[in-house]
Amino acid sequence: MTLKNKVAIVGADETDEIGFVPNMTPIMMHAQAARNALRDAGIAKSEVDGVFTCGVGPMASTQLCEYLGIIPKYTDSTQIGGSSFVVHVEHAAAAIAAGICNVALITHGETGASGRLRRGPRGMGGMFDASMPSAQFEMPFGVGGPPGVYSMCAMRHMHQYGTTSEHLAEIAVATRKWAQLNPRAFMRDPLTIDDVLSSRYVAYPFHIYDCCLVTDAGGAIVVVGADRAREMKKKPVWVLGSGEASTHQSILGMPDITQTPARYSGKAAFEMAGVTHKDIDVVEVYDSFTYTALVTLEELGFCEKGEGGPFVSGQRTAPGGDFPMNTNGGGLSYTHPGMYGMFILIEAVRQLRGECGERQVKDAKLALVNGTGGMLSATGTLILGTD
Amino acid sequence: MTTEMQKPIPYPSPETQPFWDGCKRHELTLPYCTKCDAFFFYPRQFCPTCFSWDIEWRQCSGKGTLHTFAIQYRPQMPGFTPPYITAVVQLDEGPRMMTNLVGIEPMPENVYCDMRVEVQWEDVNDEITLPLFKPAAS
Ligand SMILES: [Zn+2]
């Protein structure tokens, strides 16, 4: 049995506002995004019988079901950072294909920007149990947040493969060009490679423009089975291939610091979909940092290992380039509330439906989505397509 | 009132206590799998490769190479004053461990991957000594 063509994404939308939204809490964003995605699908909330979410407490799906007034047949609170919502699609596909639920709702909402102003615990608070390995063997050395860790991974890649700061800057600049075509993008000012290289370091080798934004945003996705999908008013976006993998939690557990689990999740997704890299029209990969996108392209097999730098050179991933990537402006310039995976999914759906206006990739029929969570720890890959 | 932010201090757990006891003696003592004939890190009661629970504690040389690093210009944890160098050291005995590279100006032109390093002990309090690393004396 395969999940290929068993389900389709039939609803996808974001909160009304994204960016800096101090009048909303995370769970408010989940609900508003859910309303908008269900409206996009033309499906009533009362039909939702599967709920997939994380980021609203330790029992996220239960919390959200209570809040939305849903008595689910199937829930899943899988929390693997920014890749969560991408793997939720695969989990939803499995649940629907097995007949356990019919209408799956996947929700996200975070206030990475304005949440700092709020009282009480915030962010990843509570994840740091003092007895956990990271509390003993990383935090005492001033290692904690993603910039501090991804920078070390990038450094080894640069040493081993000759990747340069210019290569990383190519991605920041190309992604900004996409953002300039997207009125909802947070950062739309022109950006040059020199701007990136002359900006201050956050964590050498990362300049500030190598790092994603910190914003408020929510999003939601609705997934249904094949028969139901064909009745929808909008073009169904079929799940043709999927895969997920994790290789470690913290950098100390990385089998190879220059690799990511996308080599496994990507391979699984390509095998299920039965397509090749050349067939993909548009690529949406998590760009928590420029390096994340670069190494992910290698791990997914779009180029040889270590060739990510040359591969993205010459603004190849920018509008007009032959490898359109992160077409909403990415986590680098569009929005990045903390766990960004929901937004690469939504953008892939919009591209495949032809809803992207100025930034529309012409005749986009096949999209690849790759979410990355944690410290390059976990990935989910989806290959999505339209008829 | 201002409170001095303290660096996070590790709380040893039952399976890691021998490592931290070693640090206190200024000895880099790591778990060793007698089936794999190999060190591993971080400490567990079992070998993460073969799942053998026959573990010994053996002393390492405290020498290795700088596998990778970054210069942190923003404190990633309380109590750290940037810029500081976070480092993954590859011990000559095999395992990699997180540390800080000290004894060198934290400037991009000074530090490079695979440079030789050696342990430098930092006594934090009566219970805890941290294994930091410095460029090896040539
Ligand atoms: Zn073993």
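In this predicted model, B:Asp114 counts as partly exposed, with a relative accessibility of 35%. The residue belongs to the loop between β6 (96-100) and β7 (116-123) of chain B. Its backbone deserves a look: phi of B:Asp114 is near 75°, a positive value in a residue other than glycine. Across from this loop residue, the C-alpha atom of B:Leu66 is separated from that of B:Asp114 by 4.7 Å, although the two positions lie 48 residues apart in the numbering sense of being 48 residues apart along the chain.

B:Leu66 itself has its place in strand β4 (residues 63-72) of chain B. In contrast to the partly exposed B:Asp114, B:Leu66 has a relative accessible area of 0% and is therefore buried. Leaving aside neighbours within four places in sequence, the contacts of B:Leu66 include B:Ala87, B:Val88, B:Leu101 and B:Val111. The run B:Tyr112, B:Cys113, B:Asp114 and B:Met115 is also in contact with B:Leu66, as is B:Val117. One partner comes from the other chain, namely A:Arg156.

A second positive phi value is found in chain A, where A:Gln315 has phi near 55° and is likewise a residue other than glycine. A:Gln315 lies in the loop between α11 (308-312) and α12 (330-334) of chain A. With a relative accessible area of 15%, A:Gln315 is under the 20% cut-off and so counts as buried. Next in sequence, A:Arg316 places its charged end over the ring of A:Phe311, 4.1 Å from the ring centre. A similar arrangement occurs in chain B, where the charged end of B:Lys7 sits over the ring of B:Phe80 at 4.5 Å from its centre.

Helix α11 of chain A also holds A:Gly309, which is buried at 0% relative accessibility. Not counting residues up to four places away in sequence, A:Gly309 touches A:His167 and A:Leu294. The C-alpha atom of A:Gly309 is separated by 26 Å from that of A:Gly81, 228 residues apart along the chain.

Turning to the metal site, the zinc ion is coordinated by the SG atoms of B:Cys33, B:Cys36, B:Cys47 and B:Cys50, at 2.2 to 2.4 Å. The angles among the four donor atoms run from 102 to 115°, and the site is tetrahedral. For comparison, the ideal angle for four tetrahedral donors is 109.5 degrees. Along the chain, the donors follow the spacing C-x2-C-x10-C-x2-C. Distant parts of the chain are linked here by B:Cys36 and B:Cys47, eleven residues apart. B:Cys36 is in the loop between β1 (29-33) and β2 (38-39) of chain B, whereas B:Cys47 is in the loop between β2 and β3 (55-59). The two cysteines can be told apart by their accessibility: B:Cys36 counts as partly exposed at 32%, while B:Cys47 counts as buried at 2%.

The loop between β2 and β3 of chain B also contains B:Tyr42. A cis peptide bond joins B:Phe41 and B:Tyr42, with omega about 5°. Another cis peptide bond joins A:Tyr204 and A:Pro205, where omega is about 20°. A:Pro205 lies in the loop between β5 (201-204) and β6 (206-207) of chain A.

B:Phe41 and B:Tyr42 are also part of a cluster linked by ring pairs, together with A:Phe137, B:Phe19 and B:Trp20. Over all chains, the structure holds 22 aromatic pairs. One of them is formed by B:Phe19 and B:Trp20, an edge-to-face pair with 5.0 Å centre to centre and 80° between the planes. Both B:Phe19 and B:Trp20 are buried.

The largest nonpolar core has 106 residues, and those touching the most other members are A:Val222, A:Phe302, A:Ile383 and B:Phe69. Helix α5 (residues 146-161) of chain A supplies the largest share of this core, seven residues. Apart from this core lies another, of 45 residues, including A:Leu3, A:Ile9, A:Ala92 and A:Ala217. Beyond its neighbours within four places in sequence, B:Phe69 is in contact with residues of both chains, among them A:Ser151, A:Met152, A:Met155 and A:Tyr204. From chain B, the contacts of B:Phe69 include B:Ile85, B:Thr86, B:Ala87, B:Val111, B:Tyr112 and B:Cys113.

Definitions and conventions: Residues numbered from 1 in each chain as written. Chains lettered and ligands numbered in written order. Predicted model: local features only at pLDDT ≥ 70, side-chain atom pairs only at ≥ 80, totals over all residues. Heavy atoms only, no water. Donors = N, O, S within 2.8 Å, 3.2 Å for Na, K, Ca; no water. Tetrahedral: all angles 85-135°; square planar, octahedral: opposite > 155°, others 65-115°. Helix = DSSP H or I, 4+ residues; strand = E, 2+ residues; numbered from the N terminus. Buried < 20%, exposed > 50% of the residue type's maximum accessible area, 1.4 Å probe, protein only. Core = buried A, V, L, I, M, F, W, Y, C linked by side-chain atoms within 4.5 Å. Contact = heavy atoms within 4.5 Å. Phe/Tyr/Trp six-rings, centres within 6.5 Å; stacked < 30°, edge-to-face > 60°. Lys NZ or Arg CZ within 6 Å of the ring centre and 35° of its normal.
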